[in-house]
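Reader: I would like to learn how to read a model like this one, feature by feature. Could you walk me through it?

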Amino acid sequence: MLPDFDSPAPALAGSVGQAVAHGPAEPVTRRWTTLYGLVWFGFWMANLVPLQLLLPQQLETIDPPSKVYDFAVVNGVSGLVALIALPLCGALCDRSRSPFGRRRLWLAAGAIAFAAGLIVTGAQTTVTGVVVAWAVSMIGLSAATAGLTAVIADRVPEKQRGMISSAIYGPQALGVVVGIALVSAFGLSPLSGFAVIAALLIVCIVPFLTAHRDTAFPVEAPLSIRELVASMGSSLRNREFAWAFGGRLLVNLANSLGTCYTLYFLTDGLKVSDPDGSLLACTVLYLLAGLVATTVAGVLSDRLGRRRIFVALAALLQAASGFLLASAPSLTVMLVASALMGGGFGAYMAVDQALITQVLPDAESRAKDLGIMNIGSVVPPAIAPLIAGVVISSDRGYPLLFALVGAAAAVGALLVYRIRSVR
């Protein structure tokens, strides 16, 4: 199963309604949407190909006996960094002012920092070096994500947000497939692989940076750490926001647990003869199912004006994928489960992104609140290897791991129905 790591509809009550009451009215063009999707294609490739292939290969070369533990440490440290960096970068993005535009500034600077971090990561020859370099890369990713996700609330009218969410998550599996295919087809080393995806990342963001112009906003007061912590606490005390955050966190954790050790599962668990080829086959199935589900779910959600039912059913589809693989692990079942997971995760994230913009507590701190929400997308891929490493080392091994995938996704589906202000 493959990859995994970010729309007000009807009027909402209370502070949530105030957050979206003055949303943009002018629809975005097809060209804008295409360029926005291209940016996400680059970011998914740059973030997930290392997690799926390059980092496992690199760590296996550096320290074969401890590769599972090392991978868990690398991702655990980067997860802690992202936990802090995402809301901080979002809050700073809300307060930034530049002739270049506050969202464009953070997107451009973050992407450059992320690309540089990728190249440095690929050059490391020790586990400690990989840990530090990949953690620094996550700071760049967090900065870029702050600007990129806030653009939706700034620029996209509510009736298009399901469609724009599809433009975010539709390219996810495609980015991983293209990245893995490039690395595999040309036999790239981890160093060369990191360099190639870093270059492609920059190529993907330039057209959007050229075309997009930020919306003007009034200058806000400088940010203090105390104010940031208090603001985060205030957002999470909003029940609608908290339920949405919890659901996103669990569903992303489920997806990450099911995908973080795919290469090792194929190699050590199923003992397939061609792990790289099998990984690519699973990714392609994930891609095809994800592309169809993302597009259909986003459009239908916009037309029907409903979010929760799509989000819940998509999460349950992922739960079925995990339980299926836990009960009958084999390459054939792995392929079927990859398609189920891809379809479920694609549909979930497409509609969930639209749902999330309907529960933002404060219209003046969109990037900060979306930064908190992005923790639910970025941190699970980072901490999942640590959790999965412990589970795999137990007597139940991979079957228990995939059972946890099913359980986490199922609970995530339940949480979405705690949200009352969204249909």
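**Charged pairs, rings and helices**

Author: Gladly! Let us start with two residues: Arg103 is buried, and Asp154 is buried too. Please keep in mind that this is a predicted model.

Reader: Thanks. What do Arg103 and Asp154 form, and how far apart are the closest N and O atoms?

Author: The general idea first: side chains of opposite charge can pair when their charged atoms come close. Here, Arg103 and Asp154 form a salt bridge, with 2.6 Å between the closest N and O atoms. Arg103 sits in helix H4 (residues 102-122) and Asp154 in helix H5 (residues 127-155), so this pair ties together parts that are 51 residues apart in sequence.

Reader: How many salt bridges does the structure hold?

Author: There are five salt bridges in the structure. Some share partners, and in this way Glu60, Lys67 and Asp268 are joined into one network.

Reader: Let me take that network apart. Where is Lys67 placed, and is Lys67 buried or exposed?

Author: Lys67 has its place in helix H3. With a relative accessible area of 11%, Lys67 counts as buried, because the cut-off for buried is under 20%.

Reader: Which residues does Lys67 touch, not counting those up to four places away in sequence?

Author: With those neighbours left out, Lys67 touches Leu59, Glu60, Tyr264 and Asp268. The side chains of Lys67 and Glu60 meet in a salt bridge at 3.2 Å, N to O. Glu60 is partly exposed, with a relative accessible area of 33%. The side chain of Lys67 also meets that of Asp268 in a salt bridge, at 3.7 Å, N to O. This second pair links distant parts of the chain, as Asp268 is in helix H10 and Lys67 in helix H3 (residues 67-95), 201 residues apart. Asp268 counts as partly exposed, at 37% relative accessibility.

Reader: That gives me the charged side. How many aromatic pairs does the structure hold?

Author: The structure holds nine aromatic pairs. One of them is formed by Phe265 and Tyr398. To read such a pair, look at the distance between ring centres and the angle between planes: for Phe265 and Tyr398 these are 4.8 Å and 55°, and the pair is tilted.

Reader: Where do Phe265 and Tyr398 lie?

Author: Phe265 lies in helix H10 (residues 262-269) and Tyr398 in helix H15 (residues 397-416), so the pair ties together parts that are 133 residues apart in sequence. Phe265 is buried, with a relative accessible area of 3%, and Tyr398 is buried as well, at 13%.

Reader: And why is the pair of Phe265 and Phe402 edge-to-face?

Author: Their ring centres are 5.1 Å apart and their planes stand at 75°, so Phe265 and Phe402 make an edge-to-face pair; the cut-off for that label is over 60 degrees. This pair also links distant parts of the chain, with Phe265 in helix H10 and Phe402 in helix H15, 137 residues apart. Phe402 is buried, with a relative accessible area of 3%.

Reader: Which residues form an aromatic cluster?

Author: Trp32, Tyr36, Trp40, Trp44 and Phe208 form one aromatic cluster.

Reader: Now a whole helix, please. How many residues does helix H13 have, and what does it reach from its first C-alpha to its last?

Author: Helix H13 (residues 331-356) has 26 residues and reaches 36 Å between those two atoms, close to the 38 Å expected at 1.5 Å a residue. Of the 26 residues of H13, 20 are buried, so the helix is largely enclosed by the rest of the structure.

Reader: What about the surface? Which residues form a nonpolar patch there?

Author: Val292, Val296, Leu300 and Leu304 form a nonpolar patch on the surface, and together they have about 340 Å² of accessible area. Leu304 belongs to helix H11 (residues 275-304) and is partly exposed, with a relative accessible area of 49%.

Reader: One last feature, the backbone. What is the phi of Lys271?

Author: As background, most residues other than glycine have a negative phi. Lys271 has a positive phi of about 55°, although it is not a glycine. Lys271 is found in the loop between H10 and H11, and it is exposed, with a relative accessible area of 64%.

Key:
Residues numbered from 1 in each chain as written. Predicted model: local features only at pLDDT ≥ 70, side-chain atom pairs only at ≥ 80, totals over all residues. Heavy atoms only, no water. Patch = residues over 30% accessible without salt bridge, like charges linked within 9 Å, V, L, I, M, F, W, Y side chains within 5 Å. Areas by Shrake-Rupley, 256 points an atom, 1.4 Å probe, with all protein chains shown as cover. Salt bridge = Lys/Arg side-chain N within 4 Å of Asp/Glu carboxyl O. Helix = DSSP H or I, 4+ residues; strand = E, 2+ residues; numbered from the N terminus. Buried < 20%, exposed > 50% of the residue type's maximum accessible area, 1.4 Å probe, protein only. Phe/Tyr/Trp six-rings, centres within 6.5 Å; stacked < 30°, edge-to-face > 60°. Expected span 1.5 Å × (residues − 1). Contact = heavy atoms within 4.5 Å.
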